[in-house]
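This report describes a single protein chain together with a bound ligand. The sequence and the structure come first.

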Amino acid sequence: MAAPLSHRAGPAPGKTALISYVLPVYNEQDSIRRFHQELTAVLDRRPEYSYELIYVNDGSRDASLELLSDLAKNDPRVRVVDFARNFGHQIAITAGLDEAGGDAVIIMDTDLQDPPAVSLELIDAWRDGAEIVHARRRTRRDTLFKRATAHLFYRLLRSSTEVEIPLDTGDFRLLDRRAADELRRFRERSRFVRGMVAAMGFRQSEVLFDRDQRVAGETKYPLRKMAGLAIDGVTGFSTAPLRLITRLGFVVLALSLAGIGYAVAMKFFRPDITVSGWTMMMVVVLFLGGTQMLSLGVLGSYIGRIYAEVQGRPLYIVRQVVSGGDDGERAGG
Ligand code: UDP
Ligand code: MG
């Protein structure tokens, strides 16, 4: 029997590996040039790879697009995907992934909060065999409010979802070609990319880094958008809110039955203090309340199933198919 060959992440021997960078841009006119300079300077430190830099202009209203077009003119490695309007960060990185053809794909912000030098560490971890490498924040230099809400968000997410979403990890990460291809099969509209990555499996590892301040401009994730992302994260990866209704239904129904028993007992044993009509009213109200809440729970559990079906996620993810005689690279998708 042939020994099982493991799918080997990392650069294939004998040819220059291509690394794609997916770089979402929304109103970053004041940081984009500096970002590009720093990134390209860092890339010169790993001349053994070739690179493509895919900037996704997510409907910027400032001069970002002109600046990006300039970069593309002067650097053949640059490609710009220009959105017709602002579709949001999660969609922007999805479009970048669709466009990326590299042996590894790195997703990072363009405001220099994700230091370009750290992306080399991601590449090194990939070279050593990791299929997905998360860049995890050791520290971050944001406002207290942002740090506190983010801290809470990651803990809430972890306790309510079924997949193990890594703590303090944004979208800064590297995906091996196989993992990137699989991620592209997740086509749901309310996107929470880091959750989908966590749900895929693969050999995942992490690199710690210190998150810098934004070099210019302000965050494009105000509280409203952060809350939206948090809701997409929780509802996209758990049916906990729906299950809550079912549980509540059982509790309310039990209490209602007890209340009905009490109302009927009062009528028979203490007719002197029971107002006429009270028993009937209590029985009807409690019965309706209890059964309605439980029915909502039943509806909820069906809606949960419908939701999971319409998300249309892949049922399983194959890393490779090993058979005698071939080199194990015939991974199915
Ligand atoms: N971004 C985007 N579309 C948006 C919002 C943000 O492409 O609608 C980009 C933005 O240009 C940046 C990255 O996503 O490169 C992260 O955004 P930001 O730095 O504002 O988020 P924060 O770091 O404050 O969480
Ligand atoms: Mg930022």
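The text below covers the strands, the core, the ligand shell, the annotated spans and some individual residues.

This is a predicted model, in which local features need pLDDT of at least 70, side-chain atom pairs count only at pLDDT 80 or more, and totals for chains, interfaces and linings use all residues. Residues are numbered from 1 along each chain as its sequence is written, while chains are lettered from A and ligands numbered from 1 in the order in which they are written.

**Strands**

Helices (H or I, at least four residues) and strands (E, at least two) are DSSP runs numbered from the N terminus. Strand β6 spans residues 169-176, and six of its eight residues are buried, so the rest of the structure largely encloses β6. Buried here means that 20 or more other C-beta atoms lie within 10 Å of a residue's own; a residue with 12 or fewer is exposed, one in between is partly exposed, and the C-beta atoms are placed from the backbone.

Two strands are said to pair if DSSP finds at least two bridges between them. Strand β4 (residues 104-107) pairs with β6 in the antiparallel sense over four bridges. Strand β5 (residues 132-140) also runs antiparallel to β6, and four bridges join them. L174 in β6 is the bridge partner of I106 and of V133, whereas H134 has R173 in β6 as its bridge partner. β5 pairs in addition with strand β7 (residues 204-211), in the parallel sense and over eight bridges. In that pairing, R140 stands opposite R211 of β7.

**Core**

Nonpolar side chains tend to be buried together in soluble globular proteins. A nonpolar core is defined here as a set of buried Ala, Val, Leu, Ile, Met, Phe, Trp, Tyr and Cys residues joined through C-beta atoms within 7 Å. The largest such core has 56 residues, and V22, V105 and I106 have the most contacts inside it. Helix α7 (residues 193-200) gives this core its largest share, six residues. Two residues are in contact if their C-beta atoms, placed from the backbone, lie within 7 Å. Apart from neighbours within four places in sequence, V105 touches S20, V22, L97, A100, L174, L175 and A180 by this criterion.

**Ligand shell**

Which residues are the closest to ligand 1? They are P24, Y26, D58, T219 and K220, out of 16 residues that surround the ligand. A residue counts as near if its C-beta atom, placed from the backbone, lies within 6 Å of the molecule. β1 (18-25) and α3 (89-99) each supply at least two residues of this shell. By class the shell has five nonpolar, six polar and five charged residues. Ala, Val, Leu, Ile, Met, Phe, Trp, Tyr, Cys and Pro count as nonpolar, Asp, Glu, Lys and Arg as charged, and the others, Gly among them, as polar.

**Annotated spans**

An unreviewed UniProt entry annotates residues 20-183 as "domain: Glycosyltransferase 2-like". The same kind of record, also unreviewed, lists residues 248-269 and 281-303 as "transmembrane region". UniProt positions are given in the numbering used here, feature names are shortened, and annotations may be inferred rather than shown by experiment.

| Span | Helix | Strand | End C-alpha atoms apart |
|---|---|---|---|
| Residues 20-183 | 43% | 24% | 15 Å |
| Residues 248-269 | 100% | 0% | 31 Å |
| Residues 281-303 | 100% | 0% | 32 Å |

Y262 is found in helix α9 (residues 240-269). The C-alpha atoms of Y262 and V283 are separated by 9.6 Å, with their positions 21 residues apart along the chain.

**Individual residues**

R141 is found in the loop between β5 and α5 (144-160). R141 is partly exposed, with 13 other C-beta atoms within 10 Å. Beyond its neighbours within four places in sequence, R141 is in contact with R211, D212 and Q213.

R46 is in the loop between α1 (32-43) and β2 (50-57), and its contacts outside four places in sequence are L120 and I123.

Most residues other than glycine have a negative phi. N27, in the loop between β1 and α1, has a positive phi of about 50 degrees although it is not a glycine. N27 counts as buried because it has 20 C-beta neighbours inside 10 Å. F202 lies in the loop between α7 and β7, and its phi is also positive, near 70 degrees. F202 is partly exposed, with 18 other C-beta atoms within 10 Å.
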